[in-house]
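Biologist: I am new to this structure and would like to understand the words used to describe it. Could you take me through them?

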Amino acid sequence: MGIQIFPSILSADFAGLATDVDRVRNADWLHVDVMDNHFVPNLTLGAPVVEALGKATPMPLDCHLMIDDPDRWAPAYVDAGAQAVTFHVEAATAPVRLARELRSMGARAGMALRPATPVEPYADLLPELDMLLVMTVEPGFGGQEFLDVCLPKIRRARELLDKHGGDVWLQVDGGITTETIERCAEAGADAFVAGSAVFGSDDPAAAVDELRKRATAAL
Ligand code: DX5
Ligand code: ZN
């Protein structure tokens with residue numbers, strides 16, 4: 001896969017989601033941030049909203065679960081219609097079992113790392129995944145400033161993924177803008193989440209195009 005752009009609906013209008021997501025049909029996926037007020041200090045939405053959103057758009061849904069006990073709750077998001085489900089490794093009890101379960105249900109399995117979580121201990125798990133998410137802010141809120149300190153980890157993750165072969169996407173999430181996306185693409189990311197940079201723009205579709213252009217140019 002080449003460059004893919006994932007607008008995060010966290011920065012969209014929650015009372016007008018169907019309208020807002022329709023404005024970014026030129027993107028590849030919709031990124032849906034699920035927060036439980038335990039794993040992160042914020043609360044967003046759950047499986048019923050994912051199910052409703054899936055009926056309102058033809059775009060595939062990428063659910064980013066910032067929740068405790070994903071071993072128990074993640075499969076419900078596949079049932080709700082998500083084509084990709086990402087859990088945080090810091091919250092998972094049995095990440096391999098969970099990734100296999102998600103895949104067996106027909107979804108893409110993603111695993112996320114908070115900024116302070118190293119990638120190296122999980123090197124042998126990478127073939128179990130379809131996507132690795134390197135957070136570039138502390139999860140919980142949109143509109144935060146990109147953490148440059150995460151760039152070396154993106155590079156090391158890219159090296160590990162290349163070594164293991166296969167086609168595991170490397171996603172970055174948090175503070176991705178037309179200014180920071182180039183650094184991430186150079187470091188090896190190929191899947192880019194952007195919330196405020198897309199839905200905070202007067203023209204979300206143009207923002208998606210511009211992000212794609214910058215990332216492609218940086219490769
Ligand atoms: C933050 C979420 C992000 C958020 C990104 O915890 O995981 O997906 O929407 O928002 P921006 O792009 O505004 O940093
Ligand atoms: Zn996210």
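Modeller: Gladly! This is a predicted model, and of the 219 residues of the protein chain, 56% count as buried.

Biologist: What makes a residue count as buried?

Modeller: A relative accessible area under 20% earns that word, while over 50% is called exposed.

Biologist: And what makes the protein chain as compact as a globular protein of that length?

Modeller: There are eight helices and eight strands in the protein chain. Its radius of gyration is 16 Å, and the globule rule gives 17 Å for 219 residues; the two are close, so the chain is as compact as a globular protein of that length. Along the principal axes, the C-alpha atoms fill a box of roughly 45 × 40 × 30 Å.

Biologist: Which residues cover the two faces of strand E8?

Modeller: On one side of E8 (residues 191-194) sit Ala191 and Val193, and on the other Phe192 and Ala194. All of these are buried, and both faces are described as covered.

Biologist: How do you know that E1 and E8 pair?

Modeller: Pairing needs at least two bridges between the strands. Strand E1 (residues 4-7) and E8 have four bridges, in the parallel sense, so they pass that cut-off. Phe6 stands opposite Val193 in E8.

Biologist: And why are E7 and E8 said to pair?

Modeller: By the same cut-off of at least two bridges: strand E7 (residues 169-173) and E8 have three, so they pair, in the parallel sense. Here Val172 has Phe192 as its bridge partner in E8.

Biologist: Why is Asn37 called partly exposed?

Modeller: Its relative accessibility is 43%. Since partly exposed lies between the 20% and 50% limits, Asn37 counts as partly exposed. You can find Asn37 in the loop between strand E2 (30-35) and helix H2 (47-56).

Biologist: What makes the phi of Asn37 worth a remark?

Modeller: Most residues other than glycine have a negative phi. The phi of Asn37, however, is near 65°, a positive value.

Biologist: Which value of phi does Asp69 have?

Modeller: Asp69 has a phi near 50°, again a positive value in a residue other than glycine. Asp69 lies in the loop between strand E3 (61-66) and helix H3 (70-79).

Biologist: Why is Asp69 described as partly exposed?

Modeller: Asp69 has a relative accessible area of 33%. That value is in between the 20% and 50% limits, so Asp69 is partly exposed.

How values were computed:
Residues are numbered from 1 along each chain as its sequence is written. Chains are lettered from A and ligands numbered from 1 in the order in which they are written. This is a predicted model: local features need pLDDT of at least 70, side-chain atom pairs count only at pLDDT 80 or more; totals for chains, interfaces and linings use all residues. Side-chain values use heavy atoms; hydrogens and water are left out. The radius of gyration is taken over C-alpha atoms; the globule rule is 2.2 Å times the number of residues to the power 0.38. Buried means under 20% relative accessible area, exposed over 50%, partly exposed in between (1.4 Å probe, protein chains only).
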